[in-house]
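Work through the exercises below with the sequence and the model side by side. Try each task before reading its solution.

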Amino acid sequence: MDFILSSTRSGDGSCLTAEDIRDLRDLYNDLVIICTRAQERGVRLILDAEYSWYQPAMDAMALGLMRQFNALPSRSSKSSPQPHPSVQPLVYTTYQAYLRRTPLHLASCLDDARRNNYALGVKLVRGAYHHQEVSAHHNPNSPSLSHETQPPVWSTKADTDKAYNECVKLALSAVKDDIEKESSRGQGTLGIGVLFGTHNWDSCNLVLDQLIKIGQGEIVNVSNGVEKVKLSDAVVERVAIGQLYGMCDDLTDSIATRTISSAPLVIKYVPYGGLTAVLPYLSRRAVENKSVLGGGAAAKERSRAGNEIWKRVKRSFGVADTGV
């Protein structure tokens, strides 16, 4: 972004024209306006991910915005006021685990945040454009940026799962370090925020296991041998699991039932907008999560949703739920 913001012409081997640079600068300035407004209202922003050939520009913009709006107090003085006290991190960006580069890219971003003293906002997902990425890579006229023999995405779902879980461990290790360093920065000053976007049971179980492993979750016996995971206040300030409302709600219920925390560990989100605007988004989520909806899971989900609707109908007429 330094080149874009300081330059008025193409150069230094760049293929960008002067018009390209102006357009990118205008886009970045618009994003700054949005971030400023969000900062004033105490609303976090998450920059979503796209096709891999768009990501370098999106990553650069996210980096610039986080360095500006997620800046931490100066290390030279513990009494320095927090620049944006309402929410921190304010800006999050999305990491797609199906991209081969993501584990190294996430590690690099964590290092950059430490060196430049800003809070890193991480949203970790698997990715929703696998078919398009593979097709584009084998098309000589495509915009794919990969010059290797393999496409930029992992070839199998198992490889993507492995990368996702590797990133889970990497991110939660950074959370552990941040909690330990919080006292030196000032109470309530967060150096990282992580949102795990997943409907995968194994990944959610891994998150809980890792929270216990890093000492931010404790197994407690609540009653009659029932065990739950009690989470520290420090970790629920930094970590959440995000899931689409209406998808794998049994997983959401399971996490909520198995945990004790001062704030919800798992959150549900609802796409908002006109039908033509939200349907493409919902269809991509269905494609992205087809593995968790296969093997009879989709039928189970429909049955669960139907039972819940029936319960609510009976409740509205004052009919007691007998479980049948």
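Six exercises follow, each with a worked solution.

This is a predicted model, in which local features need pLDDT of at least 70, side-chain atom pairs count only at pLDDT 80 or more, and totals for chains, interfaces and linings use all residues. Residues are numbered from 1 along each chain as its sequence is written, and side-chain values use heavy atoms, with hydrogens and water left out.

**Exercise 1. The whole chain**

Task: Find how many helices and strands the protein chain has, and what share of its residues is buried.

Solution:
- Step 1. Take helices (H or I, at least four residues) and strands (E, at least two) as DSSP runs, numbered from the N terminus. The protein chain has twelve helices and nine strands.
- Step 2. Sort residues by relative accessible area: buried is under 20%, exposed is over 50%, and partly exposed is in between (1.4 Å probe, protein chains only). The protein chain has 324 residues, and 42% of them count as buried.
- Step 3. Turn to the surface. Accessible areas come from the Shrake-Rupley method with a 1.4 Å probe; for residues, only the protein chains shown count as cover. About 17,600 Å² of the protein chain is exposed, and carbon and sulfur atoms supply 55% of that.
- Step 4. Look at contacts, meaning heavy atoms within 4.5 Å. Take those in the protein chain between residues at least 6 apart in sequence: 69% join residues at least 24 apart.

**Exercise 2. The salt bridges of R238**

Task: Find which side chains form salt bridges with R238, and where the partners lie.

Solution:
- Step 1. Recall the general rule. Side chains of opposite charge can pair when their charged atoms come close. A salt bridge here is a side-chain nitrogen of Lys or Arg within 4 Å of a carboxyl oxygen of Asp or Glu. The structure holds 13 salt bridges.
- Step 2. Start with D178. Its side chain meets that of R238 in a salt bridge at 2.7 Å, N to O. R238 sits in the loop between α8 (233–236) and β7 (239–244), while D178 is in helix α6 (residues 157–185), 60 residues apart. R238 and D178 are buried.
- Step 3. Go on to E182. The side chains of R238 and E182 form a salt bridge at 2.9 Å, N to O. R238 lies in the loop between α8 and β7 and E182 in helix α6, so this pair ties together parts 56 residues apart in sequence. R238 and E182 are both buried.
- Step 4. Finish with E237. The closest N and O atoms of R238 and E237 are 4.0 Å apart, and the two form a salt bridge. E237 is partly exposed because its relative accessible area is 43%. R238 has 2%, so it counts as buried.

**Exercise 3. A network**

Task: Find which residues are linked with R67 in a network of salt bridges.

Solution:
- Step 1. Locate R67 and follow its network. The linked residues are R67, D111, D112 and R115.

**Exercise 4. Surroundings of T102**

Task: Is T102 buried or exposed, and which residues does it contact?

Solution:
- Step 1. Place T102 in helix α4 (residues 102–116).
- Step 2. Check its cover. The relative accessible area of T102 is 2%, so T102 is buried.
- Step 3. Leave aside neighbours within four places in sequence. T102 then contacts Y95, Q96, A97 and C167.

**Exercise 5. A nonpolar patch**

Task: Find which residues form a nonpolar patch on the surface, and place F317.

Solution:
- Step 1. Set the terms. Patches are made of residues with over 30% relative accessible area and no salt bridge: like charges are joined within 9 Å, nonpolar side chains (Val, Leu, Ile, Met, Phe, Trp, Tyr) within 5 Å.
- Step 2. List the members. I309, W310, V313, F317 and V319 form the patch, with about 540 Å² of accessible area together.
- Step 3. Place F317 in the segment after α12 (297–316). F317 is exposed because its relative accessible area is 66%.

**Exercise 6. Positive phi**

Task: What is the phi of N117, and what is that of C248?

Solution:
- Step 1. Most residues other than glycine have a negative phi.
- Step 2. Read N117. Its phi is positive, near 60°. N117 is in the loop between α4 and β3 (120–125), and counts as buried at 14% relative accessibility.
- Step 3. Read C248. Its phi is positive, about 55°. C248 is in the loop between β7 and α9 (249–258), and counts as buried at 5% relative accessibility.
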